[in-house]
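Hi,

Here is the structure I said I would pass on. Have a look at it first, and my notes follow below.

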Amino acid sequence: MLEDIILIAAGLISGLISGTVGFGGSLILLPVITSFSGIEVAVPMATVAQLLSNIFRMGAGFKAIRWRQVGLFLIPAIPLTVVGAYGFVVVPKEMMTRILSIMLIVFALLEMYEKIRLPRSRWTMLAGGGISGVINGLLCLSGPVSSAVFLTLGLAPVAYIATEAASATLMHVVQMIMYGEFDLLNIHVLRDGIYIGVAMSAGNFIAMKNIRNIKRKNFRKIVAAVMIAASAWLFFSV
């Protein structure tokens, strides 16, 4: 009972964060779920929850989605999600998680101090989609990378959140298919993933009601700060 309450609370908090900055759900969920069930269960369960959350965010800003950019992003992202999902089964997960956490912190610091600016181009969408696909399949942690890519479009907060969520939704569908093929999805994973996802969607709803008036420059700094904090937590929790 206590475990369920903690998981639902983690889902709500991660929903508030991901609904505000477009990512961070798995960065919050993975350490919590891992502490109860291990990383092998945490990644598939977080994928189920993230799928529901991203469907909600996509629907909340559906009219503002930039479908052309989503399509470009997904051309490499879909096949490389398959590759990443296979990698999740065969590579050392704790070491992989720590390496990725360090990379995300470095990237966020460069972003915060405006030392890096990705160009707004189709090549950025394609390259970012490929990198996100691999990371997504491996650990369901592609949000920071895909968020940086979609930030190059200069969208208003709601359009940015919904566009990034549309790409993530399709990647999570592919992930679930692959995890099912590897027998990583069971009733326990699906059940807990669904109620965490419902809690995340509630957090998304609250957050997306309050982001419309955030200035874009401040929004980018908020995104970077959340990335640093969540990545550090993930590094020390696995």
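Keep in mind that this is a predicted model. I started with the pockets: the largest one holds about 240 Å³ of space. Three helices each give two or more residues to its lining, namely α5 (93-112), α6 (122-139) and α7 (143-151). Of these, α6 provides the largest share, with five residues.

If you want to pull up the lining, select Leu100, Met103, Leu104, Phe107, Leu118, Thr124, Ala127, Gly128, Ile131, Ile135, Val145 and Val149. What is the split between nonpolar, polar and charged there? Ten residues of the lining are nonpolar, two are polar and none is charged.

Next, the packing. The largest nonpolar core is made up of 35 residues, and Leu29, Leu30, Ile33, Val43, Leu139, Leu141 and Ile196 have the most contacts inside it. A separate second core has 22 residues, among them Ile65, Leu74, Phe150 and Ala162.

Back in the largest core, I took a look around Ile33, one of the residues with the most contacts there. Not counting neighbours within four places in sequence, Ile33 touches Leu7, Gly38, Ala42, Met45, Ala46 and Ile196. Ile196 is on that list and also among the residues with the most contacts inside the core.

One backbone oddity to finish. Asp183 is not a glycine, yet its phi is positive, at about 60 degrees. You will find Asp183 in the loop that runs between α8 (157-181) and α9 (187-208). Its relative accessible area is 69%, and since the cut-off for exposed is over 50%, Asp183 counts as exposed.

Cheers

Terms used
Residues are numbered from 1 along each chain as its sequence is written. This is a predicted model: local features need pLDDT of at least 70, side-chain atom pairs count only at pLDDT 80 or more; totals for chains, interfaces and linings use all residues. Side-chain values use heavy atoms; hydrogens and water are left out. A nonpolar core is a set of buried Ala, Val, Leu, Ile, Met, Phe, Trp, Tyr and Cys residues joined through side-chain atoms within 4.5 Å. Buried means under 20% relative accessible area, exposed over 50%, partly exposed in between (1.4 Å probe, protein chains only). Contact means heavy atoms within 4.5 Å. On a 1 Å grid over the protein atoms alone, a cavity is a set of points where a 1.4 Å probe fits but cannot get out, and a pocket is an open set with protein on both sides within 12 Å along at least five of seven lines; lining residues have an atom within 4 Å of a point. Grid points are joined across faces, edges and corners, and a volume is the space filled by probe spheres set on the points. Helices (H or I, at least four residues) and strands (E, at least two) are DSSP runs, numbered from the N terminus. Ala, Val, Leu, Ile, Met, Phe, Trp, Tyr, Cys and Pro count as nonpolar, Asp, Glu, Lys and Arg as charged, and the others, Gly among them, as polar.
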